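Grab a coffee and work through these exercises with the viewer open. Try each task yourself before reading the solution.

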Amino acid sequence: MMRIAFFDLDKTIIKKDSLVPFMIFYLKKNPKSIIYYIKLIPYLILFFLKIIDNNKIKYKIASIFKNITVEFGEKIGKEFADSIIPNLYFKDALDEIKKLKSQKYTLILITASFELYAKFIAKNLGFDKCMGTELWTFRNKFTGYMYGKNCYGAAKRYRLFTEHIFPNHKHKNIAYSDSISDLPMLNFAETKICVNPNNKFKKYAKNNEGFFIVKWR
């Protein structure tokens, strides 16, 4: 029977949210996209004021990729994964991934980060599968829209179901995340590892079975 290790990405494998570093990196590589960044500003203000949620802002952020070719987008995604992300890894995460691979776990990265670059991070780390927030393409170009939902919270469970991964044998599985928002994903595993959790998640973990708290550096 297959044993699966599920991993979140941001603040679980790497030390911070990857989206802002990627947006900066992408703008440097494609300065013409500045027009879409300027259009984003009102929505970013609404997001920081908590008037719109992270799902809505993610839909708006997808617009920065409008009209670039798939090849160009993938080139930037790979370059970001190869050059920027290695400086952000938790060493303890890399050690854990290496250990799980030696134990023949199937490794799945499931993240709200755009699959455009997350899939290259997963490949670099030797993961078997990556599921991230997808971008809609048409005739070999990005449309500026997301394809489906932001892969966050309950949407992670939905995405796993669509990939025919079910919590049937969760007693064999292990899952890693920094956030209580990942409970729908964590429920696919009996062993739930809370990586550097905040107080809310730490309190929840201490009051529920199967949760273990780790401090990764």
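**Exercise 1: Phenylalanine 114 and the cores**

Task: find out what phenylalanine 114 touches, leaving aside its neighbours within four places in sequence, then place this residue in the largest nonpolar core.

Solution. Start with the contacts: phenylalanine 114 meets Leu19, Lys58, Ile61, Ala62, Phe65, Thr133, Leu135 and Met146. Keep in mind that you're looking at a predicted model.

Next, zoom out to the largest nonpolar core, which has 52 residues. Phe114 is among those with the most contacts inside it, along with Phe7, Ile13, Ile64, Phe65 and Phe127. Helix α6 (residues 115-125) makes the largest contribution to this core, with 7 residues. There's also a second, separate core of 18 residues, with Met131, Leu160, Ala175 and Leu186 among them.

Here's the general background: in soluble globular proteins, nonpolar side chains tend to be buried together.

**Exercise 2: Helix α6**

Task: how many residues of α6 are buried, and which ones are they?

Solution. Count first: 8 of the 11 residues are buried, so by the under-20% cut-off for relative accessible area the helix is mostly covered. Now name them: Glu115, Leu116, Tyr117, Ala118, Phe120, Ile121, Ala122 and Leu125. Finally, step just past the helix, where glycine 126 follows α6 with a positive phi near 80°.

**Exercise 3: Threonine 12**

Task: is threonine 12 buried or exposed, and what does its side chain reach?

Solution. First, locate threonine 12 in the loop between β1 (4-7) and α1 (19-29). Its relative accessibility is 0%, so threonine 12 counts as buried.

Then check the polar partners. The side chains of threonine 12 and aspartate 8 share a polar contact of 3.0 Å, and the threonine 12 side chain also reaches the backbone nitrogen of aspartate 178 at 3.1 Å.

Last, list what surrounds this residue. Not counting residues up to four places away in sequence, threonine 12 touches Phe7, Phe90, Ala93, Tyr176, Ser177, Asp178, Val195 and Trp216.

**Exercise 4: Two pockets**

Task: describe the lining of the largest pocket and of the second largest pocket.

Solution. Take the largest pocket first, at about 820 Å³. Of its 30 lining residues, Asp10, Asp17, Leu19, Phe47 and Asn54 are the closest to the centre. Elements giving two or more residues are α1, α2 (34-48), α3 (54-61) and β2 (106-114), and α2 gives the most, with 5. Sorted by type, this lining has 15 nonpolar, 7 polar and 8 charged residues.

Now the second largest pocket, with a volume of about 220 Å³. Tyr36, Lys39, Leu40 and Tyr43 are among its lining residues, as are Thr143, Gly144 and Tyr145. Here α2, α3 and β4 (141-147) each supply at least two residues, with α2 providing the largest share, 4. The breakdown is 5 nonpolar, 3 polar and 3 charged.

**Exercise 5: Positive phi without glycine**

Task: where are lysine 104 and asparagine 196 found, and is lysine 104 buried or exposed?

Solution. Lysine 104 isn't a glycine, yet its phi is positive, at about 65°. Look for lysine 104 in the loop between α5 (91-102) and β2. With 70% relative accessibility, lysine 104 counts as exposed.

Asparagine 196 isn't a glycine either, and its phi is about 45°. This residue lies in the loop between β6 (191-195) and α9 (199-206). At 22% relative accessibility, asparagine 196 counts as partly exposed.

Terms used
Residues are numbered from 1 along each chain as its sequence is written. Side-chain values use heavy atoms; hydrogens and water are left out. Buried means under 20% relative accessible area, exposed over 50%, partly exposed in between (1.4 Å probe, protein chains only). A polar contact is a pair of N or O atoms within 3.5 Å; within protein, one must be able to donate a hydrogen and the other to accept it, and residues adjacent in sequence count only if both atoms are side-chain atoms. Contact means heavy atoms within 4.5 Å. A nonpolar core is a set of buried Ala, Val, Leu, Ile, Met, Phe, Trp, Tyr and Cys residues joined through side-chain atoms within 4.5 Å. On a 1 Å grid over the protein atoms alone, a cavity is a set of points where a 1.4 Å probe fits but cannot get out, and a pocket is an open set with protein on both sides within 12 Å along at least five of seven lines; lining residues have an atom within 4 Å of a point. Grid points are joined across faces, edges and corners, and a volume is the space filled by probe spheres set on the points. Ala, Val, Leu, Ile, Met, Phe, Trp, Tyr, Cys and Pro count as nonpolar, Asp, Glu, Lys and Arg as charged, and the others, Gly among them, as polar.
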